[in-house]
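Here are my notes for you, in numbered points. Keep the sequence and the 3D view open as you read.

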Amino acid sequence: MSCPWKQLSERRMPPLPGNSSHRIFSRRSGSPDIYLNPDDVKTYLTAKPWLLKEYVVEFFQPEEVMGWFEPSGDEKHTKKTRRIRNRPTTISHTCDGTVSKSQDISLPISLAVKNLEEPTRVQDVLMPTIACLARIVNCDEHFLFMVSAENRSLHLCVDVNGSVKTSVFGPCKPGTTVAAYAVNSKLGIMTSDILGDERFPLGVGMNDSQAKSVICIPVLQPNGEVPAVLELIRHYNSEPFTETDYHRVSTFLLWMGIAIDKTQVCTGLVKQREFNDFLLEVSRVIFDDCVAIDILTEHIMKFAKDLVNADRCTLFLVDTVAEELYADLFDEGLVKDGKPYFTKKKQIRFPLEKGIAGHVAKTGEVVNITNAYNDPRFNREVDIKTGYTTRNILCMPIVSRGIVIGVVQMINKKGQPNIFDQNDESNFRMFAIYCALALHYSKVYSTFQQSERILAVTQEQLGYHCTSTETEAERLVNRWHKRNFVIPSSFHQHDFDPKQHERILPELVIEMVHVLIGPDAIDLMVLARFILTVRKNYRPAPFHSFNHGFTVAHTMYYLLSQSPGLLTTVEMQACLFACLCHDIDHRARSNAFLRKYPSKLGALYPTGSLMEQHHFNHSMSIMQMEGHNIFGHLPLNIYKQVISVFKHMIMSSDLALSFGNRQELEELVSTDSFDVEDHTHRSKMLSTMMTVCDLSAVSKLWPTQRDTAESIYTEFYAEGDVEKTLGGQPVGLFDRDNKGHQIEEQVFFISKIAMPNFVLLAKILPCVEPMVESTKDNLAQWEREGAGQSTSMWAVAISRTDEPEKQQQSSEQSETGQDKKQG
């Protein structure tokens, strides 16, 4: 009995005309009986592959056969792929009609693997592979359909000159064609009579089709998606497909689905890497030029065109105030040096309610139009005026912090598939994040630049009104040279009261500088400008005024002049000027208040000693003014040292820091470990000196100390009143309603805060002893007032004595004298 496949081949392809003897193919039989056309022979052998095998096995050696497939020279590289694709399919048959397991589907698998090695489209992989598979199952026709993800339609694949083209075949709806059924059901179908199957009313969907037996199987990926469907057809005059045929095809397509999925994953990773490189380049370019909005706009348009392969692109920015879109850079398809060139023209504006871009800006939605002329939102007038034809449009928003700040409109997708797809939308969404950041920071930078310009003008104005004029400085210098003022006799004592000599305070500052540092250390005009400017920059606060700054500086002058050799010249000038500037531009508000309630200073200095940082920075800004740098004559290394001490002293004026410093210094002194040459010990001593100078008002004459206390409470109560208006409750020291506790508060402040610092520093500097005694006297006066006794007849000669009995007696005599006068 002959082989069934031989019978089948004989039936489907009749013998060629003439002698069909095997001898006609023999090279050893001499001239053939009949001359045949080579194409006819190829056709005949394609239909009867078993005949070719029998002939080759009988007349040729294996080595000779293998040599046919090994071209020499350059042909190995140029013809290798073509040989694999065009090689006739030779299949071994058994007597029962099955294909030998060793060569079942190995050829299409090998071909598929070869195609999958190179990144390409799914249809480019499937088309040649399925053609080979079709020959294996011996079908009359085969078709490959790609499934569109956008509109669920079928696209027929056709080989045109070695390139796979697709064309729309029909909708992918159930109840239509067998291919549509396979896609929707995700099941393979084998039918012996396609027209008799009610599931597919339209059959294979082709007119004049001779299809009878059909195998239609979807390419199913592991994620459940169906990218393609294969359709194999046998005509009426052919035998129907068998279960074996179906099994071969379904097994192969199952493997192909998995292979395509993995390949797409790998291809996706490659594309993602390329996209990441693209975004990295975007970041490098646009953030380098984010300072200029025109350059940034040009970069965004260029990158947007490259990203989605668009022919034209326009970036519209949103004016949120006017509720308009505007643009002044336009893409006219120009190219310069191989790169897109955009034309800057007069700015156009239109409301957000107008056009596709306006719709995107107003709603934040993505608009992807595959056919512009079929969309009623498209304005054809632009095409008519320009002569340009708009096919499709992708319009996407650029969103920053939930607000649309720009719209990019891309026109006419170049290349296949000639429409903007979901991949374009997805990539642009990521790209838009970078655009939003760049546009946002460009706007921030633009605002910052404008603020800097405003600040420069403001500083110029303030510099004119808040700095001393040359005339004022020259007048002070002339007064100093003429010495038309008298230095008070009490000037060199610790209890000097500047309030009685406000008119000559600048001259007295010059006197202190010349005594401590020398008359030639600082240019006199520079010194005069600096002193007068510092005085102008103290606010007229009840307590924290220029008088207070001078008082603190004078106390430091007293300590240094009474302790020669204690500090270096660098340290002395830093300490003296730090005391003069330590409360400059004080706002009559405590650090606690500025921290508790929103303020510009609180925002500027969120941590640390708030006002002290401001005093230091304000002082440095004055020094940076032309002709005001009192330390400008110093070498750089000395300048850094003096600024370091200058800052240390101002920061030490924060009373909250004095408690820890005093405790550490007290431990050093009590254990006889203090070493003035030790940098750390010296720093703690300087901090304590600053604290003593800042609190020196408690060591002044009693009337001065009493007046100072009243000015402090005036300032404190004003702050408390403001806090109440803000809904807060001030602490007792700042509460006007707590005024009856002033004496108790002063007694506590002097005895527990001021006096310990005075006593401690007196152990290091003996000149502080008189200040300690004066402070004790003022403490006694507060205690007398607390006991209900009058201090109005206080006299320095009687008060400051070591004999309390005399003080008590004098006080009683004074009270008796007052009673007599009243009587």
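Is Phe-169 buried, partly exposed or exposed? Phe-169 counts as partly exposed, at 25% relative accessibility. Please bear in mind throughout that this is a predicted model.

1. **The chain as a whole.** The chain has 823 residues, and 46% of them are buried. Its secondary structure comes to 30 helices and 12 strands. If you take the contacts between residues at least 6 apart in sequence, 64% of them join residues at least 24 apart.

2. **A phenylalanine pair between two strands.** Phe-169 has a partner in Phe-145: the two form a tilted aromatic pair, with 4.7 Å from centre to centre and 55° between the planes. Phe-145 belongs to strand β1 (residues 141-147) and Phe-169 to strand β3 (residues 163-171), so the pair ties together parts that are 24 residues apart in sequence. The partners differ in exposure: Phe-145 is buried, at 0% relative accessible area, whereas Phe-169 is partly exposed at 25%. The count of aromatic pairs comes to 20.

3. **Helices α22 and α23.** Two packed helices are described by the angle between their axes and the distance between the axes. For α22 (residues 610-623) and α23 (residues 636-651), the axes come within 9 Å and cross at roughly 145°. The crossing is right-handed. On the α22 side the contact is made by Glu-612, Gln-613, His-615, Phe-616, Ser-619, Met-620 and Met-623, and on the α23 side by Tyr-639, Ile-643, Phe-646, Lys-647, Ile-650 and Met-651. By class, this contact of α22 with α23 has eight nonpolar, three polar and two charged residues.

4. **An aromatic cluster to look up.** Two residues from that contact, Phe-616 and Phe-646, turn up again in an aromatic cluster. Phe-530, Phe-577 and Phe-631 join Phe-616 and Phe-646 to form this one cluster.

5. **Helices α26 and α28.** The axes of α26 (residues 702-725) and α28 (residues 769-786) come within 10 Å, with a crossing angle of roughly 65°. That makes α26 roughly perpendicular to α28. The crossing of α26 and α28 is right-handed. Trp-702, Gln-705, Arg-706 and Ala-709 of α26 make the contact with Asn-778, Gln-781, Trp-782 and Glu-785 of α28. Sorted by class, the contact of α26 with α28 has three nonpolar, three polar and two charged residues.

6. **Helix α12 and its cover.** In α12 (residues 355-363), the buried residues are Ile-356, Ala-357, Gly-358, Val-360 and Ala-361. What covers them includes the strands β7 (310-319), β8 (324-336), β9 (339-351), β10, β11 (393-400) and β12 (403-413). Just after α12, Gly-364 takes a positive phi of about 75°.

7. **Asn-368, in one of the covering strands.** Asn-368 lies in β10 (residues 367-369) and counts as partly exposed, at 26% relative accessibility. Leaving aside neighbours within four places in sequence, Asn-368 is in contact with Ile-393, Leu-394, Phe-420, Asp-421 and Glu-425. Glu-425 is 57 residues away along the chain, yet the C-alpha atoms of Asn-368 and Glu-425 are separated by 8.5 Å.

8. **Two backbone angles to check.** Most residues other than glycine have a negative phi, and most peptide bonds are trans. Where do the two residues Asn-412 and Asp-672 sit? Asn-412 is in strand β12, with a positive phi near 60°. Asp-672 is in the loop between α24 (655-670) and α25 (679-694), and its phi, also positive, is near 55°. Their surroundings contrast: Asn-412 is buried at 3% relative accessibility, while Asp-672 is exposed at 71%.

9. **A threonine in α18.** What does Thr-551 touch, not counting residues up to four places away in sequence? Thr-551 touches Pro-498, Ser-696 and Lys-700. Thr-551 itself is found in α18 (residues 546-561) and counts as buried, at 13% relative accessibility.

Conventions
Residues numbered from 1 in each chain as written. Predicted model: local features only at pLDDT ≥ 70, side-chain atom pairs only at ≥ 80, totals over all residues. Heavy atoms only, no water. Axes fitted to C-alpha atoms, helices over the stretch in contact; angles between N-to-C directions. Helix = DSSP H or I, 4+ residues; strand = E, 2+ residues; numbered from the N terminus. Parallel < 35°, antiparallel > 145°, perpendicular 65-115°, else oblique. Left-handed = near helix turned anticlockwise from the far one by under 90°. Contact = heavy atoms within 4.5 Å. Nonpolar A, V, L, I, M, F, W, Y, C, P; charged D, E, K, R; others polar. Phe/Tyr/Trp six-rings, centres within 6.5 Å; stacked < 30°, edge-to-face > 60°. Buried < 20%, exposed > 50% of the residue type's maximum accessible area, 1.4 Å probe, protein only.
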